Amino acid sequence: MYKMTQPIDRVRNGSISVAIFDGKFGKTAVFQKSYKDKNGKWVNSDVNMFLNEIKQAKETIDAIYDKYKAEIEARQMPKKA
């Protein structure tokens with residue numbers, strides 16, 4: 001089984017991150033959400049995709065955000081100064 005190495009790039013925004021790996025079949029993106037479960041243990045949830053799928057994922061996220069924008073913005077916590 002092929003094992004990925006350390007990411008060649010990473011971007012984080014709060015509990016969401018995207019890491020880029022140079023894998024056996026080309027570069028891949030790993031989207032990750034980190035959160036604490038009800039027992040206080042850190043959990044990571046991953047979605048893996050090829051680089052050419054990132055635009056499609058972004059467009060899909062943008063579409064659902066637009067559909068639920070009012071509800072999403074109403075639930076956002078105020079930004080700290």
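**Strands, helices and salt bridges in a predicted model**

In this predicted model, Arg12 stands opposite Ser17, a residue of strand β2. This pair is a convenient point of entry, and the description moves outward from there to the strands, the helices and the charged side chains.

Arg12 and Ser17 belong to the pairing of the two strands at the start of the chain. Strand β1 covers residues 9-13 and strand β2 covers residues 16-23; the two run antiparallel and are joined by five bridges. Together β1 and β2 make a hairpin with two residues between them, and in that turn Gly14 adopts a positive phi of about 65°.

The pattern of pairing continues on the other partner of β2. Strand β3, residues 26-36, pairs with β2 in the antiparallel sense over eight bridges. Here too the connection is a hairpin, which passes from β2 to β3 through two residues. Gly23 has Gly26 in β3 as its bridge partner.

What surrounds Ser17, which is placed in strand β2? Leaving aside residues up to four places away in sequence, Ser17 touches Arg10, Val11 and Arg12, and also Val30, Phe31 and Gln32. The C-alpha atoms of Ser17 and Gln32 are separated by 5.2 Å, although the two residues are 15 apart along the chain. Is Ser17 buried or exposed? Its relative accessible area is 2%, and because burial requires a value under 20%, Ser17 is classed as buried. In a regular strand, side chains alternate between the two faces of the sheet.

Over the protein chain, the secondary structure amounts to two helices and four strands, arranged along the sequence as β-β-β-β-α-α. Of the 81 residues in the protein chain, 15% are buried. Among contacts with a separation of 6 or more, 6% are between residues 24 or more positions apart. The protein chain has an accessible surface of about 7400 Å², and carbon and sulfur atoms contribute 55% of that area.

The strands are followed in the sequence pattern by the helices. Helix α1 spans residues 54-67, which is 14 residues, and reaches 20 Å from its first C-alpha to its last, close to the 20 Å expected at 1.5 Å a residue. Helix α1 is hardly covered, with one buried residue among its 14.

The charged side chains of the helices complete the picture. Side chains of opposite charge can pair when their charged atoms come close. How many salt bridges are counted? The count comes to three. In one of them, Glu59 pairs with Lys55, and the closest N and O atoms are 3.9 Å apart, a distance that meets the criterion because the cut-off is 4 Å. Glu59 and Lys55 are four residues apart in helix α1, so about one helical turn separates them. Glu59 is partly exposed at 45% relative accessibility, whereas Lys55 is exposed at 58%.

Helix α1 also holds the salt bridge between the side chains of Asp62 and Lys58, with an N to O distance of 2.7 Å. These two residues are again four apart, about one turn of the helix. Asp62 is partly exposed, with a relative accessibility of 32%.

The side chains of Glu71 and Arg75 form a further salt bridge, at 3.7 Å from N to O. Both lie in helix α2, residues 69-75, and because they are four residues apart, they are separated by about one helical turn. Glu71 is partly exposed at 43% relative accessible area, while Arg75 is exposed at 67%.

Methods: Residues are numbered from 1 along each chain as its sequence is written. This is a predicted model: local features need pLDDT of at least 70, side-chain atom pairs count only at pLDDT 80 or more; totals for chains, interfaces and linings use all residues. Side-chain values use heavy atoms; hydrogens and water are left out. Two strands pair if DSSP finds at least two bridges between them. The expected span of a helix is 1.5 Å times one less than its number of residues. Buried means under 20% relative accessible area, exposed over 50%, partly exposed in between (1.4 Å probe, protein chains only). Contact means heavy atoms within 4.5 Å. Accessible areas come from the Shrake-Rupley method with a 1.4 Å probe; for residues, only the protein chains shown count as cover.
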